[in-house]
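Student: Hey, got a minute to walk through this one with me? I'd like to start at one residue and work outwards.

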Amino acid sequence: MPVYLDHNATTPLDARVLEAMLPYLMEHHGNPSSVHRFGRTGRAAIDQAREQVAELVNAHPSQVVFTSGGTEANNLAIKGVAAGKKPGYIAIGATEHPSVSEAASSLTKQGWKITPLPVDGQGRLIEAEVDSILHLGTALVSVMWANNETGVVQDVAAVGSKVRARGGLLHTDAVQAAGKIAVDFSASGAHLMSLSAHKFNGPKGVGALIVDKTVELEPLLHGGGQEKDRRSGTENVAAIVGFGAAASMTKSRLTDYAARLAPLRDRLESELRALGGIEIFGAAAERLPNTVCFGAMGIDGETLLLGLDRAAIAVSSGSACASTNREPSTVLLSMGVDADVALSAIRVSLGFGNTENDIEVFMTALTTQLRQLQRMAGRAVG
């Protein structure tokens with residue numbers, strides 16, 4: 001029976017979420033911008049979902065801007081802020097998702113200077129470096145709440161207080177954190193926060209940017225003025241309803257999430273260490289309760305991943321959004337991991353449906369695959 005251990009890439013759609021969406025895929029088909037009753041039904045559903053999403057991260061519903069997902073939310077945050085300012089400095093964490101780093105890099109053509117915020121060997125931001133970079137008069141800082149590859153959690157509130165003291169703006173990509181750990185927009189000090197529904201059993205293709213009322217944000221998409229002129233285009237009502245339903249469901253079980261998955265993660269890490277020759281990345285840092293990223297010198301992670309796939313086990317060799325890139329993970333390289341070890345990286349990310357039996361099945365298959373690859377390496381050397 002297949003074992004799915006790639007929940008940081010995406011999660012299965014919950015049946016209750018699908019049930020909430022179905023009426024808006026069939027009978028409630030009105031355009032939510034229309035003033036007739038069909039349109040008003042869609043608008044009311046969006047308003048309810050906005051409240052549900054806001055409640056998940058302790059924001060006000062008026063701060064929620066619906067997008068097509070986390071990538072658009074990150075691009076809207078970075079490019080939308082930059083469009084209203086004179087080019088200066090933007091600082092981003094060294095381990096950010098490509099939708100942040102590439103969005104920032106694109107602004108260099110307009111004269112913006114992009115400064116990386118370095119991390120230590122565990123993937124944590126180096127606070128002294130944050131202070132020195134903020135002295136440059138940085139206009140915008142983007143720091144990921146929890147890393148998609150290693151699960152390492154940053155102290156966003158500490159960064160937020162520093163950024164606000166310098167008069168800058170803070171964006172946090174909370175796509176991997178929301179639904180797994182407590183995320184509080186109001187307490188974080190962030191001005192902007194990105195979310196994505198499919199990371200916590202909602203539908204793909206819908207996300208949100210939480211925007212503080214003090215932030216001036218130029219839209220990426222111009223048109224009919226939906227989402228208070230911040231994101232034009234007819235809303236995907238069914239997906240937004242699903243986002244809201246998933247957010248509500250997730251909030252109600254947030255405590256259970258860590259209680260259920262952290263012991264599975266700890267057991268997996270214990271058995272990995274017992275194998276010998278395994279390095280668990282970010283093991284000494286605070287991490288998401290569901291994520292283990294590890295590597296072994298001399299093993300090709302992509303080959304190992306394919307071997308596990310043949311054994312009907314789904315894991316990842318890093319970020320699912322960069323899975324076709326055979327270069328070492330920039331996240332791991334930023335942490336000082338040797339390039340050869342970084343190429344061996346495998347990410348296991350657990351979800352509510354996983355059990356101890358899944359860990360046993362995975363470890364049996366992993367042990368078999370590692371032995372085969374080590375024998376092949378030995379023959380190649382000989």
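Student: Is leucine 18 buried, partly exposed or exposed?

Tutor: Leucine 18 has a relative accessible area of 36%, so it counts as partly exposed. Keep in mind that this is a predicted model.

Student: Okay, and where does leucine 18 lie?

Tutor: You'll find leucine 18 in helix H1, which covers residues 15–25.

Student: Which residues make the nonpolar surface patch there?

Tutor: Leu18 shares it with Leu13, Leu22, Leu25 and Met26, and the patch comes to about 470 Å². As for the spacing, an α-helix has 3.6 residues a turn, so residues three or four places apart point the same way.

Student: Switching to sheets. What's the strand order in the open sheet of seven strands?

Tutor: The order is S2-S8-S7-S6-S5-S3-S4, and the pairing is mixed. At the edges sit strand S2 (64–67) and strand S4 (113–117), each pairing on one side only. From one strand to the next, the twist averages 20 degrees.

Student: Mixed how? In what sense do S6 and S7 pair?

Tutor: S6 and S7 are parallel, with three bridges. Aspartate 173 has serine 194 in S7 as its bridge partner. On the other hand, S7 and strand S8 (residues 207–211) pair in the antiparallel sense over five bridges. There, methionine 193 has isoleucine 210 in S8 as its bridge partner.

Student: And what about S3 and S4?

Tutor: Strand S3 (residues 89–93) pairs with S4 in the parallel sense, over five bridges. Alanine 91 stands opposite threonine 115 in S4.

Student: Back to S7. How many of its residues are buried?

Tutor: Five of the five, so S7 is largely enclosed by the rest of the structure.

Student: Which way do those residues point?

Tutor: Leu192, Ser194 and Ser196 point one way from S7, while Met193 and Leu195 point the other way, and all are buried. That fits the usual pattern: in a regular strand the side chains alternate between the two faces of the sheet.

Student: Which strands does helix H2 lie across?

Tutor: Helix H2 (residues 37–56) lies across S2 and strand S7 (192–196), and runs at about 110 degrees to S2. Then there's helix H6 (residues 156–165), which lies across strand S5 (140–142) and strand S6 (169–173) and makes about 160 degrees with S6.

Student: Which residues of helix H4 are buried?

Tutor: In H4, residues 98–105, the buried ones are Ser99, Val100, Ser101, Ala103 and Ala104. Their cover includes helix H3 (70–82) along with S3, S4, S5 and S6.

Student: What about the loop between S7 and S8, where asparagine 201 lies? What's its phi?

Tutor: Phi of asparagine 201 is near 70 degrees, a positive value in a residue other than glycine. Asparagine 201 has a relative accessible area of 13%, so it is buried.

Student: And aspartate 229, buried or exposed?

Tutor: Exposed, because its relative accessibility is 51% and the cut-off for exposed is over 50%. Aspartate 229 sits in the loop between S8 and helix H8 (237–252), and its phi is also positive, near 70 degrees.

Student: Now the sheet of three strands. What's the order there?

Tutor: S9-S10-S12, an open sheet with antiparallel pairing. Strand S9 (279–280) and S12 are the edge strands, each pairing on one side only. Helix H9 (residues 254–275) packs on that sheet and touches S9, S10 and S12, with its direction at about 15 degrees to that of S10.

Student: How many bridges join S9 to S10?

Tutor: Two bridges, with S9 and strand S10 (residues 291–295) running antiparallel. Glutamate 279 has glycine 295 in S10 as its bridge partner.

Student: Last one: what is serine 349 in contact with?

Tutor: Serine 349 is in strand S12 (residues 346–349) and is buried, at 0% relative accessibility. Beyond its neighbours within four places in sequence, serine 349 contacts Leu5, Asp6, His7, Asn8, Asn290 and Asn354.

Student: Where does aspartate 6 lie?

Tutor: In the loop between strand S1 (3–4) and H1. Aspartate 6 is buried too, with a relative accessible area of 10%. Leaving aside neighbours within four places in sequence, aspartate 6 is in contact with Ala314, Val315, Ser316, Arg347 and Ser349.

Technical notes. Residues are numbered from 1 along each chain as its sequence is written. This is a predicted model: local features need pLDDT of at least 70, side-chain atom pairs count only at pLDDT 80 or more; totals for chains, interfaces and linings use all residues. Side-chain values use heavy atoms; hydrogens and water are left out. Patches are made of residues with over 30% relative accessible area and no salt bridge: like charges are joined within 9 Å, nonpolar side chains (Val, Leu, Ile, Met, Phe, Trp, Tyr) within 5 Å. Accessible areas come from the Shrake-Rupley method with a 1.4 Å probe; for residues, only the protein chains shown count as cover. A salt bridge is a side-chain nitrogen of Lys or Arg within 4 Å of a carboxyl oxygen of Asp or Glu. Helices (H or I, at least four residues) and strands (E, at least two) are DSSP runs, numbered from the N terminus. Buried means under 20% relative accessible area, exposed over 50%, partly exposed in between (1.4 Å probe, protein chains only). Two strands pair if DSSP finds at least two bridges between them. Axes are lines fitted to C-alpha atoms, for helices over the stretch in contact, and angles run from 0 to 180 degrees between N-to-C directions. Contact means heavy atoms within 4.5 Å.
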